[in-house]
Amino acid sequence: MKIYQSWGHYPKIDKDKQDVYHVYPDSFSFPDLESSDAPSFLAFAQGRSYGDVCLNEDGILLDTQHLDHFIHYNKEKGILRCEAGVTFENILQLIVPHNWFLPVTPGTKYISVGGAIANDIHGKNHHKAGTFGKYVLKFELLRSNGERVICSPTENTGLFNATIGGLGLTGLINWVEFSLKKIPGSNIEQETIRFNNLEEFYRLSDESDEGWEYTVAWIDCLASGDELGRGLFMRGNHCESNKKHKFKHSKLSVPFNAPGFLLNKYTVNAFNNLYFKKPIKQYSKVDYDPFFYPLDAIANWNKLYGKKGFMQYQCVIPKEHRETAMHEMLSIITASGQASFLSVLKEFGDIKSPGLLSFPRPGITLALDFPNRGQKTLDLLNELDVVTQKYNGSVYPAKDARMSPHAFSQYYPNWKEFEKYIDPHFSSGFRRRVDPK
Ligand SMILES: Cc1cc2nc3c(=O)[nH]c(=O)nc-3n(C[C@H](O)[C@H](O)[C@H](O)COP(=O)(O)OP(=O)(O)OC[C@H]3O[C@@H](n4cnc5c(N)ncnc54)[C@H](O)[C@@H]3O)c2cc1C
């Protein structure tokens with residue numbers, strides 16, 4: 001049975017406190033709020049957001065899983081129109097055989113096109129391509145008054161810009177048209193390089209900007225001293241393949257919530273040491289799936305964090321402060337003794353998104369996953385916030401479950417402009433938390 005929780009399993013929502021309506025193409029009309037106790041709507045797609053942007057306690061979730069049809073595919077020009085619940089996994093199955101690819105993809109293929117727009121997702125190619133919103137040509141938005149509005153960079157532009165990165169608050173996206181990326185084949189030529197500290201990371205990242213489409217680094221967040229920020233740098237470009245790509249859905253799965261203590265400082269430290277020192281093949285040609293989606297190989301990996309779930313913290317810091325800010329953040333984490341199991345570092349480029357509330361901006365982004373240990377974890381994230389705010393950075397709503405209204409208004413100064421476009425009957429846990437009025 002589908003669970004209407006977010007990926008981090010935090011905050012937890014009592015299932016009796018969220019009504020769910022399924023959206024079907026063409027025949028959908030909003031239920032009457034007057035006759036219901038639930039005061040607002042929110043679309044829910046694959047629930048791959050970590051915090052509460054996809055949750056609506058005491059409200060109605062509009063499940064988009066049946067909006068799963070392709071509408072038009074122009075194979076020559078690489079333009080696809082599909083319903084908003086179609087997943088990236090299904091799109092790849094359609095387009096890769098014709099040497100097309102998603103213009104931007106996150107670290108999982110199990111997300112929907114509607115979710116990709118609402119969080120204006122970014123990928124390993126942000127420095128070359130910007131966010132998903134840049135490739136959106138048109139969409140249809142269903143407002144709660146029944147109006148269907150076509151939005152594009154030239155039609156209803158205000159609503160278009162507000163919906164890209166609009167956290168699902170401007171209405172229900174019905175279908176989307178966007179452009180694809182031409183590729184020579186389904187493989188990636190990949191290079192993996194071990195680096196011993198943050199300085200080496202910056203050097204690698206700067207030198208890879210020009211010639212590499214995709215760059216990202218895994219870091220050992222428990223390393224300290226001269227080895228602070230050591231890790232593995234991965235860079236890749238699309239290339240031809242002699243074999244036909246085989247589409248597979250993950251077979252391995254974590255069947256139940258692991259005991260909460262499984263991921264602790266000692267186990268993470270042991271894993272990090274092994275991972276950092278593992279023999280690496282510097283150059284290799286790999287299939288795109290393990291390159292982009294290594295975590296998809298194990299379904300429900302989020303259950304490894306136990307019943308209390310986990311919190312992700314993803315921030316971006318302007319480039320001019322990257323050295324000091326990253327040094328401060330990693331030192332805070334090491335001193336806290338709390339270990340982030342997955343820690344990822346990447347430099348964003350300066351390609352601007354049309355989205356009013358888009359998260360990515362030029363600078364360095366750090367993403368961390370902490371098992372939820374209650375107040376102790378919240379205190380650590382508050383300490384990281386101090387650094388983010390000191391250097392004029394920002395935190396990603398798609399991964400957030402605890403930012404304050406004050407922090408939000410500092411990170412997203414366009415919020416006031418955005419508010420004009422919010423559908424009066426749409427809301428979310430995230431919205432009520434950051435804008436309590
Ligand atoms: C393993 C993993 C790796 C990830 N890596 C990245 C990454 O590299 N980069 C990145 O940017 N993100 C990343 N994410 C986050 C993920 O890409 C986003 O949270 C994405 O938006 C999830 O899409 P979804 O379909 O699951 O939407 P949901 O989580 O269900 O919903 C997300 C938001 O979209 C809104 N929404 C969904 N459908 C519609 C619709 N039809 N109309 C209007 N609003 C809608 C919802 O209301 C909600 O506000 C990752 C997540 C995971 C689990």
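**Group meeting: a pocket and a ligand site**

Let me begin with the second largest pocket, which 26 residues line, with His245, Lys246, Lys248, Asp287 and Asp289 lying nearest its centre. A pocket here is an open set of points on a 1 Å grid over the protein atoms alone, where a 1.4 Å probe fits, with protein on both sides within 12 Å along at least five of seven lines, and lining residues have an atom within 4 Å of a point. The elements giving two or more residues to this lining are α1 (88-95), β15 (283-287) and α7 (288-292), helices being DSSP runs of H or I of at least four residues and strands runs of E of at least two, numbered from the N terminus.

I should say that this is a predicted model, in which local features need pLDDT of at least 70 and side-chain atom pairs count only at pLDDT 80 or more, while totals for chains, interfaces and linings use all residues. Residues are numbered from 1 along each chain as its sequence is written, and side-chain values use heavy atoms, with hydrogens and water left out.

Turning to the ligand, 35 residues surround it, and Ala43, Arg48, Ser49, Ser112 and Tyr396 come nearest; a residue counts if one of its heavy atoms lies within 4 Å. For polar contacts, which are pairs of N or O atoms within 3.5 Å, a ligand oxygen is 2.6 Å from a polar backbone atom of Ala43. One ligand nitrogen atom lies 3.1 Å from a polar backbone atom of Gly107, and a backbone N or O atom of His122 is 2.8 Å from a nitrogen atom of the ligand.

Terms used
Polar contact = N/O pair within 3.5 Å; in protein donor to acceptor, adjacent residues only side chain to side chain.
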